[in-house]
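Hi there,

Here is the structure I promised to pass on. Have a look at it first, and my notes follow below.

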Amino acid sequence: IVFVLLLLLRVPFYLTHHVQEDAYISLRCAGNLVETGVYGFNPGERVSSSTSHLYVFIAALVRLVTGHTAFLPAMLVLNTLLFLAGTFFIARVLLQDEKQQLFLWVLISSLPVSLLISYSGMETALLVFLLGSALYLVQHSNNRPLLWLILALLPWVRPDAVAFALLIVFWSSVRERRLCWGGG
């Protein structure tokens, strides 16, 4: 119920059709990839100007499935789902009590910047999802291969996200009281 309410909270913002200008770079690269088979900003030109290669490929997949008309709304809904899942995982990592986790999740997901992330069209929602997933795996799971996959994907979301990956490896090493040589 809370998830649906957090999703519905964003509907009025979708109706403003406000998408960040920079998002159109990735979305155009995705469109060109689908239409021409070439990953680039200009059709047929193999030069991408997108910061987030993973986001472009996900957007291209969404474009293939939804077509041109429903592409942008589908991406905004996907961003919302990714962001809400990511913040859910973060709340689960930060607090033990389920009621407190739920409160923190609602609080984080209702902040103005959180709403903006959901409807801006940028790759930030994907970054939050991967970070939340990685933190959750460190805290609650022994699924190391999935954790390493997520950490390896972070630089493909944003090149500067390699810093987050290194911080998560450090945090995991401190938690386990051993240096994780595989992560290094």
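To start with a question: which two side chains meet in a salt bridge at 2.4 Å, N to O? They are those of Glu35 and Arg63. Please keep in mind throughout that this is a predicted model.

**Salt bridges**

The Glu35–Arg63 pair links distant parts of the chain, with Glu35 in helix α3, Arg63 in helix α4, and their positions 28 residues apart. The two partners sit in contrasting surroundings: Glu35 counts as exposed because its relative accessibility is 54%, whereas Arg63, at 9%, counts as buried.

In total the structure holds 3 salt bridges. Another one joins the side chains of Glu123 and Arg158, at 2.8 Å from N to O. This pair also connects distant parts of the chain: Glu123 is in the loop between α7 and α8, Arg158 is in the loop between α9 and α10, and they are 35 residues apart. Arg158 forms a salt bridge with Asp160 as well, and there the closest N and O atoms are 3.1 Å apart. Glu123, Arg158 and Asp160 are thus linked in a network of salt bridges. As for their surroundings, Glu123 has a relative accessibility of 4% and so counts as buried. Arg158, at 25%, is partly exposed, and Asp160, at 44%, is partly exposed too.

**Helix α3**

Since Glu35 lies in α3, that helix is a good next stop. Helix α3 covers residues 23-36, which makes 14 residues, and spans 20 Å from its first C-alpha to its last, close to the 20 Å expected at 1.5 Å a residue. Which residues of α3 are buried? They are Ala23, Ser26, Leu27, Cys29, Ala30, Gly31, Asn32 and Leu33. The buried residues of this helix pack against α4 and α5. Just after α3 comes Gly37, with a positive phi of about 80 degrees.

**Aromatic rings**

The count of aromatic pairs comes to 7. One that you may want to pull up is Phe13 with Tyr119, a stacked pair with 5.3 Å centre to centre and 10 degrees between the planes. Phe13 lies in helix α2 (residues 11-14) and Tyr119 in helix α7 (residues 112-119), so this pair ties together parts that are 106 residues apart in sequence. Phe13 counts as partly exposed because its relative accessibility is 28%, while Tyr119, at 12%, counts as buried.

There is also an aromatic cluster, formed by Phe3, Phe88, Phe89, Trp105, Phe129 and Tyr136.

**The nonpolar surface patch**

Phe3, a member of that cluster, turns up again in a nonpolar patch on the surface. Its companions in the patch are Ile1, Val4, Leu5, Leu8, Val11, Leu15, Val77 and Leu81. Together these residues have about 840 Å² of accessible area. Which helix supplies the largest share of the patch? That is α1, with 4 residues. Helices α1 (2-9) and α5 (71-94) each supply at least two residues. Val77, for its part, is located in helix α5, and its relative accessibility of 36% is why Val77 counts as partly exposed.

Happy browsing, and best wishes!

Terms used: Residues are numbered from 1 along each chain as its sequence is written. This is a predicted model: local features need pLDDT of at least 70, side-chain atom pairs count only at pLDDT 80 or more; totals for chains, interfaces and linings use all residues. Side-chain values use heavy atoms; hydrogens and water are left out. Patches are made of residues with over 30% relative accessible area and no salt bridge: like charges are joined within 9 Å, nonpolar side chains (Val, Leu, Ile, Met, Phe, Trp, Tyr) within 5 Å. Accessible areas come from the Shrake-Rupley method with a 1.4 Å probe; for residues, only the protein chains shown count as cover. A salt bridge is a side-chain nitrogen of Lys or Arg within 4 Å of a carboxyl oxygen of Asp or Glu. Buried means under 20% relative accessible area, exposed over 50%, partly exposed in between (1.4 Å probe, protein chains only). The expected span of a helix is 1.5 Å times one less than its number of residues. Contact means heavy atoms within 4.5 Å. Rings of Phe, Tyr and Trp (its six-membered ring) pair if their centres lie within 6.5 Å; planes under 30 degrees apart count as stacked, over 60 as edge-to-face and the rest as tilted.
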